[in-house]
2 protein chains.
Amino acid sequence: MSLPPEFALIAQHFLPLAGPGALALSDDAALLLPPPGRELVIAADAMVAGVHFLPDDPPETVGRKLLRTNLSDLAAMGGVPLGYLLTVSLPRDTGPEWLAGFTAGLAKDQAEFGLALLGGDTTSTPGPVSLSLTILGHVAPGSALRRAGAGPGHDVWVSGTIGDGTLGLAVLLGERPGSPSGHLAGRYRLPRPRLSLGQSLVGLATAAMDVSDGLVQDLGHLCRASGCAAVIQAGLVPLSEDAAALLQADPALLPRILTGGDDYELLFAAPPDAAAEIGARAAGLGVAATRIGRFVAGDPLVTVLDGQGGVVPLGRGGWSHF
Amino acid sequence: MSLPPEFALIAQHFLPLAGPGALALSDDAALLLPPPGRELVIAADAMVAGVHFLPDDPPETVGRKLLRTNLSDLAAMGGVPLGYLLTVSLPRDTGPEWLAGFTAGLAKDQAEFGLALLGGDTTSTPGPVSLSLTILGHVAPGSALRRAGAGPGHDVWVSGTIGDGTLGLAVLLGERPGSPSGHLAGRYRLPRPRLSLGQSLVGLATAAMDVSDGLVQDLGHLCRASGCAAVIQAGLVPLSEDAAALLQADPALLPRILTGGDDYELLFAAPPDAAAEIGARAAGLGVAATRIGRFVAGDPLVTVLDGQGGVVPLGRGGWSHF
C-alpha cells in the first residue's frame, strides 16, 4: 500500500522539519513534555497570499515571514522558543518547487532560532495560499512581559528601525524607488524577531508588545492596556538609512512610516532610571533600542509631535483587516 | 482613541470565548501553566469552505466541526482537553451574523467539552473562509495512545458508526435521499469526538487513531505504523440505521462507506483478552465499540472481506488533498 499523494508530500517536505515531539508527523497529535517549572507562551498568526505577502514573493521567505511574525509575538512576551505547528492550504496546482522553497526557508529559520516543527495539516484550497502557524515558547512563571504596566513618566522605547516593512512593500509594488533585493524589501519579507532583546527586558520593561499593525496604532493598544497616554517625537523615531533617504525625498511619507505595518520591532515601556541598563543590554545584543517619547497621564491617546512641538497629522492610525 | 474595526470585532465575538490564559486576547500571546507532571498533546487542523465544509453550512456548525475534528485527534491519543487557538481568514463581505453564529457554536462546544479559547488571529482573505485550529490537551507522561503498537492477533476495533459523514455529505449535495436536518447530515456537520472512550482506552488499546480520511485508508496508516496487515469483515462494520437503509437500497455504496472521510470515530487495536474490559468500558460510557477484524502478519495491506470470504473491491482507498 503506497502512500497517497498528500502523505507522500508531507513525508518529503515536512518530515525533515519535524522535532522529537512530532512523532515523525505520523500520529494524530504531537507530544511535548513542557520544561519543568516554566509557563508556556502560545500565539497563532495567519497569513494569506495577497494580504500578508505578495503572491510572487519567493516561497523561501514566505514560510520564514510567518514563523518570524510568530516569533516576534514570543519576543514581545520575553519568551524562549520551543516549537511550532503549521497548517498550509494550497491551490491544487501549487508546484513541488514552491513547497520545496517554502520548507527550505523554514529549515533555515528553525536552525537560526532553535525550534522545530511539532505538527500540523496540509489541505487544498480553491483560494490563495493560506497559512496558519501556532508557536509555543516558555518563560519563568509570572515573568512574561505584558502590555499593561506602562505608567506616566515611563519612557516609550522601540527596537531597531521603524517603517522599513511598509516602505519595502511600496518598493516591491513599484510605488517607490528601490531594489527588490535591497534593505527595505528584505525587511518586508523577513522580519527580525527581537527574541534576545525581549528576554533581556524581563524585569526591566514595565510593558511590551511587538509593532505589527503600525507604530501609532500599536502604541495606542499599549496605552489602552496600561491606562495612560503617550507623546512621541517623530524626529526620534529610528529610521534605516534607506527609509531616511525616501523620507527626505518625500516628507509626506512620514504618516506611512508611523502607521504602516510589518515592523515587527519591540515597543516597550520602562522607567527613566532603567534607561542605562536597557541601553547596555541592547548594545550587548547588537540591537538598537531608542527612546522616542514618554507615557503621560490621560485617556489612551497617542500624540506625535514634530520638531517644532506641533502635532503631526496621521490620517488612519494603522492597519485593520475589516 | 476608539478601537479599529478588526479589534472591535475580536472584542465582540471572540472575547466571550477566552479562557484565563488568553489574557483577554489583548496581549501578544497567551500564557498557560501546564498541569504539573503531565505531557502536552498538541494538534492542528485546517478547514476551508468548499473543501471541508459546504459554503452554506450553518456557521453554528462550522466552528464546532473544526473544534471537534481537533478534539477527535486528542481523543485518539487519550488526551484531556486544555484549550485551543484559532485563526480565521474571512472574506471582507462576511456579515456580522456569520461570526455571531460561528462563535455561538464554539461557545456551546467549549461548555460541552470543557475547554476555552487561548488566542489566535483574525484576517481578511480574497478567497473562501479559511480556518485553522490548534488544540492543546494533556496525558500522563508516556501514556498517550499511538498508531504504532498493533500486532498480529490483535482485534481491529471502531467506535460508533462508519460512513455517516460521507453519506451525510451526499445527502446535503442532493446525491442521496435524506433530510438536511437528519441524522446523516448532522454527522457530516457535527462529528462526535470520542474523548471519554479514548481516555478509557489508555493502557488497554495497543494502538489508536481517529478515522478522518476513510476507514480503509486510515487503517492502512495504522498498519504501516505498526508494521502489520489487517483483515476486516465488511459485514461487521457498524452502520447507523440511516446508513444501513441507504446501503440496502444501493449496495454499490459500500466502497464509499468504507473509504469516505469525515467519520471521526476511533479506530484501535487490542489483544483479544482485553475485549471484555473494552466492551464494558465503552458500554459504561454509552459509546458503541465494535470488533470488525484482526491484525495479521505481513506488509501493511488492508483487506476487506464480504460475507462469502471474497475481497470487496474498493477503488480509491480514501481521501487525499492532492
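Helices (H or I, at least four residues) and strands (E, at least two) are DSSP runs, numbered from the N terminus. You're looking at a predicted model, where local features need pLDDT of at least 70 and side-chain atom pairs count only at pLDDT 80 or more, while totals for chains, interfaces and linings use all residues. Residues are numbered from 1 along each chain as its sequence is written, chains are lettered from A and ligands numbered from 1 in the order in which they are written, and side-chain values use heavy atoms, with hydrogens and water left out.

**Exercise 1. A loop leucine**

Find where A:Leu23 sits, and say whether it is buried or exposed.

Step 1: Place it. A:Leu23 belongs to the loop between H1 and strand E1 (30–32) of chain A.

Step 2: Check the backbone. Most residues other than glycine have a negative phi. A:Leu23 isn't a glycine, yet its phi is positive, about 55°.

Step 3: Check the surface. Buried means under 20% relative accessible area, exposed over 50%, and partly exposed in between (1.4 Å probe, protein chains only). With 13% relative accessibility, A:Leu23 counts as buried.

Step 4: Try chain B. B:Leu23 is in the loop between H1 and strand E1 (30–32) of chain B, has a positive phi of about 55°, and is buried at 13%.

**Exercise 2. Two helices that meet**

At what angle do H1 and H3 of chain A pack, and which residues make the contact?

Step 1: Get the geometry. Axes are lines fitted to C-alpha atoms, for helices over the stretch in contact, and angles run from 0 to 180 degrees between N-to-C directions. For H1 (residues 5–14) and H3 (residues 96–113) of chain A, the angle is about 40° and the axes are 10 Å apart.

Step 2: Name the arrangement. Under 35 degrees counts as roughly parallel, over 145 as roughly antiparallel, 65 to 115 as roughly perpendicular, and the rest as oblique. So H1(A) is oblique to H3(A).

Step 3: List the partners. Contact means heavy atoms within 4.5 Å. H1(A) brings A:Leu9, A:His13 and A:Phe14, and H3(A) brings A:Pro96, A:Leu99, A:Ala100, A:Phe102 and A:Thr103.

Step 4: Sort them. Ala, Val, Leu, Ile, Met, Phe, Trp, Tyr, Cys and Pro count as nonpolar, Asp, Glu, Lys and Arg as charged, and the others, Gly among them, as polar. That contact has 6 nonpolar, 2 polar and no charged residues.

**Exercise 3. A serine in a strand**

Which side chain makes a polar contact with the side chain of A:Ser159?

Step 1: Locate A:Ser159. Look in strand E6 (residues 155–159) of chain A. The residue is buried there, at 0% relative accessible area.

Step 2: Look for N and O atoms. A polar contact is a pair of N or O atoms within 3.5 Å; within protein, one must be able to donate a hydrogen and the other to accept it, and residues adjacent in sequence count only if both atoms are side-chain atoms. The partner is the side chain of A:Glu265, at 2.5 Å. A polar atom of the A:Ser159 side chain also lies 2.8 Å from the backbone nitrogen of A:Leu266.

Step 3: Look wider. Setting aside neighbours within four places in sequence, the contacts of A:Ser159 include A:Arg194, A:Phe268 and A:Val287.

**Exercise 4. Far in sequence**

What separates the C-alpha atoms of A:Leu195 and A:Ala75?

Step 1: Find A:Leu195 in helix H6 (residues 195–201) of chain A. A:Leu195 counts as buried at 8%.

Step 2: A:Leu195 and A:Ala75 are 120 residues apart along the chain, but their C-alpha atoms are separated by 4.3 Å.

Step 3: Not counting residues up to four places away, A:Leu195 touches A:Leu71, A:Leu74, A:Ala75, A:Gly79, A:Pro81 and A:Phe113.

**Exercise 5. An enclosed helix**

How many residues of H4 of chain B are buried, and what do they pack against?

Step 1: Count. In H4 (residues 164–172), 9 of the 9 residues are buried, so this helix is largely enclosed by the rest of the structure.

Step 2: Find the neighbours. The buried residues of H4(B) pack against H5 (183–189), H8 (241–249) and H9 (254–259) of chain B.

Step 3: Read past the end. B:Gly174 follows H4(B), with a positive phi near 75°.

**Exercise 6. From one chain to the other**

What rotation superposes chain A on chain B?

Step 1: Superpose. Copies are fitted by least squares on the C-alpha atoms of residues with pLDDT of at least 70 in both. The rotation is 180°, with 0.0 Å of shift along its axis and an RMSD of 0.0 Å.

Step 2: Name it. This is the relation of a two-fold axis.

Step 3: Find the axis. In chain A, the C-alpha nearest to it belongs to A:Gly127, at 2.2 Å.

Step 4: Compare surfaces. Both copies use the same surface, as 100% of the contact residues of chain A recur in chain B.
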